[in-house]
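Colleague: I'm new to this structure and would like a close look at one part of it. Could you take me through a helix pairing, and then show me what else is worth seeing around it?

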Amino acid sequence: MSEQHIYDLIIIGAGPAGLSAGLYAGRATLDTLILEGDTVGGQVTTTSVVYNYPAVAKVDGTKLMNQMQSQVVDFGVQIDHDQIINYDLDHDVKVLTGQSGTKYQARAVIIATGAQPRKAGFTGEDEFRGRGIAYCSTCDGELFSGLQIFVVGGGYAAAEEADYLSRYGKHVTVLVRGDHFTCPPLVAARALDNPKVSVEYNTEVQSVAGDDYLTSAVLKNNKTGEENTYHLDKGDQTFGVFVYVGTQPATKNLQGIIKLNDAGYIITDNQRQTNLPGVYAAGDVIDKSLRQIITAASDGAEAATAAEVYITEQKQRLGLPIHAEVKKPAQPVAQTTNLGQDDNQPVEHSGAWLPAEIDEQLKPIFARLTKNVILQVLTNDSPLSDQLVSFVTEFAALDDHLAVQTVAAPSDVKYLPQLRLLDADENDTGLHYAVIPTGHELNSLVLGVYNVAGPGQTIDSTVVERIKKLPATDIRIGVSLTCHFCPDVVAACQRMASLNPGITATMIDLQHFPELRKTKKIMSVPATMIGDDPVIFGSQTLEQLVTAVEKS
């Protein structure tokens, strides 16, 4: 994007509020850009099942957001990845500075940055994050299969996620600080009526402890003052504590720039305008009584409609054309599109690996490939190896730039079977996939091919130079196929590998490598392992990962 380009509207955040605003802006033919610093879909993508969205009885959170994203793209709205770190909102043309160094200009701005999970605040919560403490059931739930799980919270998320986690844990105990659930009875019933879920009211976690993993937790009844210590069941090595105690607004960079309430939420009027002309806010980031997907979508629609009026008036005053000719972009390849997966379960092989519509979804991406890629499968003597060959063969048939090569794995290769991307001269690109990249990880494979054989994801030139100067590094990314955050971390690490021949980045499905989980003490994903450095848990940006390699 040229620095001189002035958008009609920039929307910061691509959760339900940002996507809804983009949909209304696109329909109004506004020249609109959506900027997302993390995962398209926001917190909804961490929701196992959405039960209360109108006209949709039951839907996976990621699938719902993918449908919203497709609608937005169909109306010609561009979605890019960048984290806004500086705001200049006092003039007719607002200037936003991204973490990439890019300066974006717009006549109006909608802030839809959402909110992040709030910590409960008990002793040991930070220390054991990724080693027993978790905040995303769909990302980490399967890692606690057959173990005791505690859920901390008493609202919508706690009740719904306790029900979801019961499919993995041998038992789930909900710890509610008050004497009742704060969500409607029908939602609470998902936990209360589940035979694998029990509820302890007036109970809080005081502290957790352990060695490598959680091994004990002190629970306190806040009415009687009585404390009890939970110790591991015989034969278990750990247990899980999933925290759902609300959220905190993502307004750190807006302090002193825009009017916030005491809790840090943005104050708006009933048209979602802030105290600054031409600046609007929507979704979980604003001061309101109910934070749900439906209210976020409503906020986005209101903000975009008000912004359209503001933009039109400004253009009329300046004598500029009111409507922009917006070119419909291709499906943005840097987004999590959940290709080939409609629910929160890993894709199981029965017949074809890829649904019939996959070719149509991938055509805009594969149409930009200019080089050939060899999909090399390192096989071993296992049924999983045969399945990987079957999957890769089917995937390669989607485009003429892709070819398959199978070889017996060398004795020094760990994590088998394994897929590697080779260039046309059979040079290893460093992009590796241990076991079958289905589910959400199909996104990683598609982006890997795009980065090796196409123009690649656009990143700031200064970051490219930093990547090219990085020392030879082996990066492993432990993932779960149900994790919505993992593909972005895998793609970022593999983008480094595609630019630096000394870097290898291997996606590892931890379900198939329990020894690695045990050795590295991993109970949360994504889990990024850079050489022999300590594991980095959670979502990481490309900038953060480059910095981590520089320091390794």
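Modeller: Start with the crossing: α1 passes α6 in a right-handed way. Bear in mind that this is a predicted model. Helix α1 covers residues 16-27 and helix α6 covers residues 293-318, and the two pack at an angle of about 40 degrees. Their axes are 7 Å apart. Angles under 35 degrees would count as roughly parallel and 65 to 115 as roughly perpendicular, so α1 and α6 are oblique to each other.

Now for who meets whom. On the α1 side you'll find Pro16, Ala17, Ser20, Ala21, Tyr24 and Ala25. Facing them from α6 are Ile293, Ala296, Ala297, Gly300, Ala301, Ala304 and Thr305. Sorted by class, that contact has 10 nonpolar residues, 3 polar ones and no charged ones.

Let's move on to the nonpolar cores. The largest has 93 residues, and Val151, Phe395 and Met496 touch the most other members. Take Phe395: leaving out residues up to four places away in sequence, Phe395 touches Leu354, Leu362, Phe366, Leu375, Leu402, Leu442, Leu445, Val446 and Val449. There's also a second, separate core of 36 residues, and Ile11, Leu23, Ala296 and Ala306 are among them. You've already met Ala296, as one of the α6 residues in the contact with α1.

Polar residues can be tucked away too. Gln494 sits in helix α11, residues 486-499. With a relative accessible area of 1%, Gln494 is buried. Beyond residues up to four places away in sequence, Gln494 touches Leu431, His432, Tyr433, Ser444, Gly448, Ala505 and Met507.

Next, have a look at helix α4, residues 156-165. 7 of its 10 residues are buried, so α4 is largely enclosed by the rest of the structure. The buried ones are Ala158, Ala159, Glu160, Glu161, Ala162, Tyr164 and Leu165. Their cover includes the helices α3 (137-140) and α5, along with the strands β9 (148-152), β10 (171-175), β11 and β15 (240-243).

Two of those covering elements lead us to the last stop, since Asn194 lies in the loop between α5 (185-192) and β11 (197-200). Asn194 has 11% relative accessibility, so this loop residue counts as buried. Setting aside residues up to four places away in sequence, Asn194 touches Asp163, Ser166 and Ala189. As for Tyr135, 59 residues from Asn194 along the chain, the C-alpha atoms of the two are separated by 21 Å.

Methods: Residues numbered from 1 in each chain as written. Predicted model: local features only at pLDDT ≥ 70, side-chain atom pairs only at ≥ 80, totals over all residues. Heavy atoms only, no water. Axes fitted to C-alpha atoms, helices over the stretch in contact; angles between N-to-C directions. Helix = DSSP H or I, 4+ residues; strand = E, 2+ residues; numbered from the N terminus. Parallel < 35°, antiparallel > 145°, perpendicular 65-115°, else oblique. Left-handed = near helix turned anticlockwise from the far one by under 90°. Contact = heavy atoms within 4.5 Å. Nonpolar A, V, L, I, M, F, W, Y, C, P; charged D, E, K, R; others polar. Core = buried A, V, L, I, M, F, W, Y, C linked by side-chain atoms within 4.5 Å. Buried < 20%, exposed > 50% of the residue type's maximum accessible area, 1.4 Å probe, protein only.
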